[in-house]
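Biologist: Please take a close look at a single loop, and then set it within the rest of the chain. I would be grateful if each term were explained as it arises.

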Amino acid sequence: MHAHRWIRLASRAYRAALAARARYIHAGDREAATAVFEVLQQQSFRSGGWPALFVCWCREAWSLCRAGVTTKRALAPSVSRPEARRSSWAREVPMSFLMDCRHAWRALVHTPVFTVTAVLTLALGIGANSAIFSLVDGVLIKALPYPDASQLVAVAELPPSGLRNTVAPLSFLAWQESAQSFAGLAARQATHIVMLDGGDPEEVRAARVSASYFDVLGVPPSLGRTFTPADGQLGAPCVMLLSDRLWGRRWARDRNILGASIRLADGACQVVGVLPPGSAFDRVPFQAYTPMTFTRANAPRGHFLTVIGRLRAGTTVSQADAEMGVLAAAVNREDPIKSGWSARVEPWRDTVVRADSRRLVLVLFGAVGVVLLVACINVASLALVRASARRRDVSIRLALGAGAGRLFSHYLAESLLMVSAGGFLGLIVAQWCLAAFVALSPAGTLPSEAVVALDGRAVLFTGLVIIIVSLAAGSVPAWQSLRATATDALRGESRTTTASTFTRRTQSALLTIQVALAMVLVTGAAMLGVSFARLTGVDPGFDPGGLVTFRLSAPPSSVADEPIAMFHADVLDELRRQPATASAGGSTSLPLRGWLYGTTVRVEGVAPTDPARMNAHVQHVVGDYFSALGIPLKQGRAFTDTDQRSPARVAIVNETFVRRFIGEGPALGRHLHLGIGDDGSGRPPAAWDIVGVIRDVKTGGLADDVWLTPEVYVPLGQAPMPTVSYVVRARSSGDAVTLDMVRRAVERVDTRVPISAFETGDVLVDDSVVLQRFRTMLMMAFAGLTLVIAVIGVYAIRAQAVTARLREVGIRLALGATRSQVMHLVVGQGLRLVSAGVALGLVASYAARAAIRQWLFGVDVYDAFPLVLAIVTLGGAALVASWLPARRATRVSALESLRHE
């Protein structure tokens, strides 16, 4: 019954369409045609079901449209000439274009190699552009996923050096009380918590936030409530908000979690709310939130807060920045240590979207733009080659009265069909590319709060690209065909099918442009590839082979300095007892992982030459840390177990520290004062005796300049820290330090402590260059795609040029020319065009080299090696593409060449 109902509806629509032409079609004929149409529908449905019925509808609709145009042309009553002209244009132009599309479809189906090559080329180019446009749109254009996100700003402290700094708690409290430019100010501090409920013990990344945090961001919870000022009071019960991601992962979205008390390693905490799914809180790294509990009386020193503000209505960022500059100066006058400090206000987006992320998406957008441009030129080149073969057909059509507009419409229809098919496939390619990019991109590559998706905006962008590419790719062959004359059809094909001068010049120009554009990307990829190879060859300063690292945090019972030191000492003893362990140690910061914190330093007996640069990075070490990493001592001795318990403070420094702060004098035995001893009481920091000097180690990354990172190592027992990253070296290559072995050793000390970040030393080194590798692989992929497309275009153009000169080749061979001479002649012309494209591309690639200058390591923009590598790669591939058709042509006999036309 369902199908019969649709058949009846279609029959009524068919009868209504015929009735619209009542003046031209007799009533009896209309009824007979409707009856026949209904019978056809029923037969189609019985034979093939719904697909056959749909085909029947489409076929009859097309026939009805064609019959309507023909009938109206023959039988339409006479009207005034302007009205007739308007009516004719409005009716005939769309129908003519539909007919052109039908003919174009047949022509494309009859040339499958050309059609498939063009569609796939366009699909890759359009798909890559749509995917990267989604990145650009999500990172740089779309508003962040917060209500009135344009009103959100970041507030940072500004030291005399001019570099943005995090905010001290006392400064935040003063700003919160006095600032008038904000509807609200909130603060956040990153931390870790250990959850014991909901599964195995797990270290979860969390954030301590002020009570106003969620109100400032404007995101209410999906379950429960947010924090109140009472939750941040000293002595208040511990409360917590969970992200939807954590709630679903550990508690399977059990709504009974609201109000429940969950066990943490440092106590119990009541869940008062769950954040909404799909919000920005599902993308940021924090999975749980607890309230801050400091006041002016107990606020800790240091700078560790990220401050977010929401501007009042009508207040601009510049007005808020001016107010905060005055307010920060007033607040800092009370603290002589922060003399000269100020504050800076900038849009929250500028903080979320880092400069490196912005540069990455813009460079990628430029790269895929080059890919699309090369693909468009490639399709235009293939269409031009195809149009040259159809030149006689065009001449016949001109002789029969076809106009220029009609020919242009035909080529535009072909181009639109090809590009539309490529665009449809391109959307599928874009979805795959975008998913792969998001999945494979290293953490921190893209802003966590940005919404990156292939949405309606990307589809509109793809549609715009299809229109532009269709016009561009269809105009070149149409322009060439319009230069044909009707007399060309009467001259035969014996002598005149050789491409015209216009065609040859157009093809040569397209070939040169393709090679030049490909050269831009190939040069950039070569420079990044050479840079990455040199980066991975850098000595990290330690031996990663046979090394295992992991992180532990002292349990909640270790609230005092002595229990913290005892916990880590017990863990080291258990690790050393393992048969596979050669040495074990720990530090608050591993090599290549950046620094935990820095502080001011003063060496007794050495006058500071530049007080602004008297800073060093401090690490707290325990056990055989230096021997486990394979870091050699240059002077003095390493720490012993006695140093961990001794009241005599000792320190070890690196070579950079000695060069910067001590110079040529002896380093051992000198006293240094670190800012970590300043607790705000006015007492001078304690003195540490230098007992050893070690080799420089790459701490911030392989590209880090060790001259900029003086480091001080102190015993963990003398300055306890709860979280330590351990390093364990295997006894031999046959031994393996496994996660199970480490877990058993830790459980003998405390079963509540989870093991985090377990990885090998090789992975530690590999992760330090993951972003550089990702950028290099992306550029190489785009360069490789462009190279393949360009080589296809070079081959097509040169093959057509050689085919057009087969008669000349036959004459040369008949007159005694050798095949090598003909080869040199034909390949020489291609070599000249390729060389011109390479030279032009080298000039154009300077802008690309300048764009990636900050990503290069050990490579200058004028470095000859990557430039030569790019020239050899692209020039060689293009030369082979020019040589293949020439080789095929020289194998043809002279008689066949003369008969070819």
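Modeller: D266 is placed in the loop between β6 (261-264) and β7 (267-274). Helices (H or I, at least four residues) and strands (E, at least two) are DSSP runs, numbered from the N terminus. With a relative accessibility of 58%, D266 counts as exposed. Buried means under 20% relative accessible area, exposed over 50%, and partly exposed in between, with a 1.4 Å probe and protein chains only. The C-alpha atoms of D266 and A554 are separated by 9.9 Å, although these positions lie 288 residues apart along the chain.

This is a predicted model with residues numbered from 1 along each chain as its sequence is written; local features need pLDDT of at least 70, side-chain atom pairs count only at pLDDT 80 or more, and totals for chains, interfaces and linings use all residues. Side-chain values use heavy atoms, with hydrogens and water left out.

The pLDDT is the predictor's confidence in each residue, from 0 to 100. Its average over the protein chain is 80, and 83% of the residues score at least 70. Two stretches call for caution. Over residues 69-90 pLDDT stays under 50, and the model has 14 contacts beyond four places in sequence for them; a contact means heavy atoms within 4.5 Å. Over residues 492-498 pLDDT also stays under 50, with eleven such contacts. Where pLDDT is low, the predicted coordinates should not be read in detail.

The chain as a whole comes next. Its secondary structure comes to 25 helices and 21 strands. Of its 901 residues, 48% are buried. Among contacts between residues at least 6 apart in sequence, 81% join residues at least 24 apart. The accessible surface comes to about 41700 Å², and 60% of that belongs to carbon and sulfur atoms. Accessible areas come from the Shrake-Rupley method with a 1.4 Å probe; for residues, only the protein chains shown count as cover.

In the interior, the largest nonpolar core has 61 residues, and L521 and F782 have the most contacts inside it. A nonpolar core is a set of buried Ala, Val, Leu, Ile, Met, Phe, Trp, Tyr and Cys residues joined through side-chain atoms within 4.5 Å. The elements that give two or more residues to this core are α4, α10 (355-389), α12, α14 (501-536), α21 (770-804), α23 (819-851) and α24 (864-890). Leaving aside residues up to four places away in sequence, L521 touches A367, V370, V371, M779, F782, A783 and T786. A second, separate core has 26 residues, including L144, L152, L217 and W348.

On the surface, V116, L120, F424, L425, I428 and W432 make a nonpolar patch of about 620 Å². Patches are made of residues with over 30% relative accessible area and no salt bridge: like charges are joined within 9 Å, and nonpolar side chains (Val, Leu, Ile, Met, Phe, Trp, Tyr) within 5 Å. The elements that give two or more residues to the nonpolar patch are α4 and α12, and α12 supplies the largest share, four residues. W432 lies in helix α12 and, at 62% relative accessibility, counts as exposed.

Charged pairs complete the picture. Side chains of opposite charge can pair when their charged atoms come close. A salt bridge is a side-chain nitrogen of Lys or Arg within 4 Å of a carboxyl oxygen of Asp or Glu, and the whole structure holds 25 of them. One joins the side chains of K142 and D455, at 2.5 Å from N to O. K142 lies in the loop between α4 (112-141) and β1 (152-158), and D455 in the loop between α12 (404-440) and α13 (456-482), so this pair ties together parts that are 313 residues apart in sequence. K142 counts as buried at 15% relative accessibility, whereas D455 is partly exposed at 22%.

Another salt bridge links D740 and R743, at 3.2 Å from N to O. Both lie in helix α19 (residues 739-749), three residues apart, about one turn of the helix. D740 is partly exposed at 47% relative accessibility, and R743 is partly exposed at 34%. D350 also forms a salt bridge with R358, the closest N and O atoms being 3.9 Å apart. D350 is partly exposed at 38%, as is R358 at 28%. Finally, D573, R576, D624 and D641 are linked in a network of salt bridges.
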